[in-house]
Amino acid sequence: MRILIALAAALTVAGAAPAQAAAPSALAAPDISVTNVKAHLTQFQSIANANGGNRAHGRPGYLASVNWVKSKLDAAGFTTRVHSFTYGGATGYNLIADYPGGDANNVVMLGGHLDSVPAGPGINDNGTGSASILEVALQMKATGFRPAKHVRFGWWGAEERGLIGSAAYVNSLSSAEKSKIKTYLNFDMTGSPNPGYFVYDAVKGEFPAGSLALQQRLEADFKARNIPTELIDVGNRSDHRAFMAAGIPVGGTFTGAEKIKTAAQAAKWGGTAGQAFDRCYHRSCDTTSNINDTALDRNADVIASTLWAVAA
Ligand code: DPN
Ligand code: ZN
């Protein structure tokens, strides 16, 4: 028995040799805790409650959201900066956070909008994407991830006013800085209460070359978890637009907004046919009650596994 174990151990070591030769960045992505993501959503809800019920551009709940996310990232060792712009007579803010290290000429960027509409706290739209990329960022540090590429995160202001903050950020970059960004992944509404599992359609969206590989990566990461997906033509409806316009490959996931879930989609994903993916879209009821935990969890895990693969 002992000899067999020793032999098995020797075989295991021999078999493992190629894996050991792989870079540390090839380590498996962490399983993102939905409990942690939901704690961030609770924080956004508290910020809205303390600031007139919303986190909208030009309102105090927006800047409070920026400052809170920034404090979490600063504590984890990210290099953060607030990029200001003006829109509609108010100052807007993007939060940019760089994870130290990696090839500065080869940047992977993840982003989502942090503002809500004035009607409500914006927990699904887009507390979810904001909280999920925040937790993924914190787990990079917690797990000691050392990607070969440089990783940067963006939380965008004034998306709800017409994709203003992300456009201001991209327009603020020199052409040299833009050309260093090789990938932009967008996460806007990832916990819809009657969820679908959508991946941005690179072909129908006429995304820049390189985007199809990102679409396929996201699709594969859902498939690996046995989650069926559909492609969706998101057009110009979120912050990937400015990056697209700059020729940067883009991708993203989405769990649905005002559109109605079909019977075929309900058969595939569960939930309620004939009802919107998010009945509280842009309404005061977009609170912490307006979240499907499974969708939130699955998307957060896909964000992490895609980042670990793309930035490796
Ligand atoms: N951009 C979202 C909003 O803030 O209203 C809605 C949306 C997200 C639509 C992603 C399509 C795709
Ligand atoms: Zn919205």
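## Holding the ligand

A nitrogen atom of ligand 1 sits 2.7 Å from an N or O atom in the side chain of Asp 188. Keep in mind as you look around that this is a predicted model. Arg 237 joins in through its backbone: one of its backbone N or O atoms is 2.7 Å from a nitrogen atom of ligand 1. Then there's His 282, which has a polar side-chain atom 3.1 Å from an oxygen atom of the ligand. How much of ligand 1 does the protein cover? On its own, the ligand has 320 Å² of accessible area, and the protein covers 96% of that.

## Who else is around

Asp 188, Arg 237 and His 282 have company. The residues surrounding ligand 1 also include His 113, Asp 125, Glu 159, Glu 160 and Met 189. Val 234, Ser 238, Phe 254 and Tyr 281 are part of that shell too. Sort the shell by class and you get five charged, four nonpolar and three polar residues. And the space that ligand 1 takes up? It's the largest pocket.

## Two backbone oddities

Here's some background first: most peptide bonds are trans, and most residues other than glycine have a negative phi. Now look again at two residues from the ligand's shell, Asp 125 and Met 189. The peptide bond running from Asp 125 to Asn 126 is cis, and its omega is near 0°. You'll find Asn 126 in helix H4, which covers residues 123–143.

Met 189 isn't a glycine, yet its phi is positive, at about 75°. Its home is the loop between strand E5 (181–187) and strand E6 (198–200).

## A long-range link

Search the whole structure and six salt bridges turn up. One of them pairs Lys 38 with Asp 293, with their closest N and O atoms 2.8 Å apart. Lys 38 belongs to helix H2 (residues 34–49) and Asp 293 to helix H10 (residues 293–311), so this pair ties together parts that are 255 residues apart in sequence.

Definitions and conventions:
Residues numbered from 1 in each chain as written. Chains lettered and ligands numbered in written order. Predicted model: local features only at pLDDT ≥ 70, side-chain atom pairs only at ≥ 80, totals over all residues. Heavy atoms only, no water. Near = heavy atom within 4 Å. Polar contact = N/O pair within 3.5 Å; in protein donor to acceptor, adjacent residues only side chain to side chain. Areas by Shrake-Rupley, 256 points an atom, 1.4 Å probe, with all protein chains shown as cover. 1 Å grid on protein atoms, 1.4 Å probe; cavity = no way out; pocket = protein on both sides within 12 Å on 5 of 7 lines; lining within 4 Å. Sits in = over half its atoms within 2 Å of the grid points. Nonpolar A, V, L, I, M, F, W, Y, C, P; charged D, E, K, R; others polar. Salt bridge = Lys/Arg side-chain N within 4 Å of Asp/Glu carboxyl O. Helix = DSSP H or I, 4+ residues; strand = E, 2+ residues; numbered from the N terminus.
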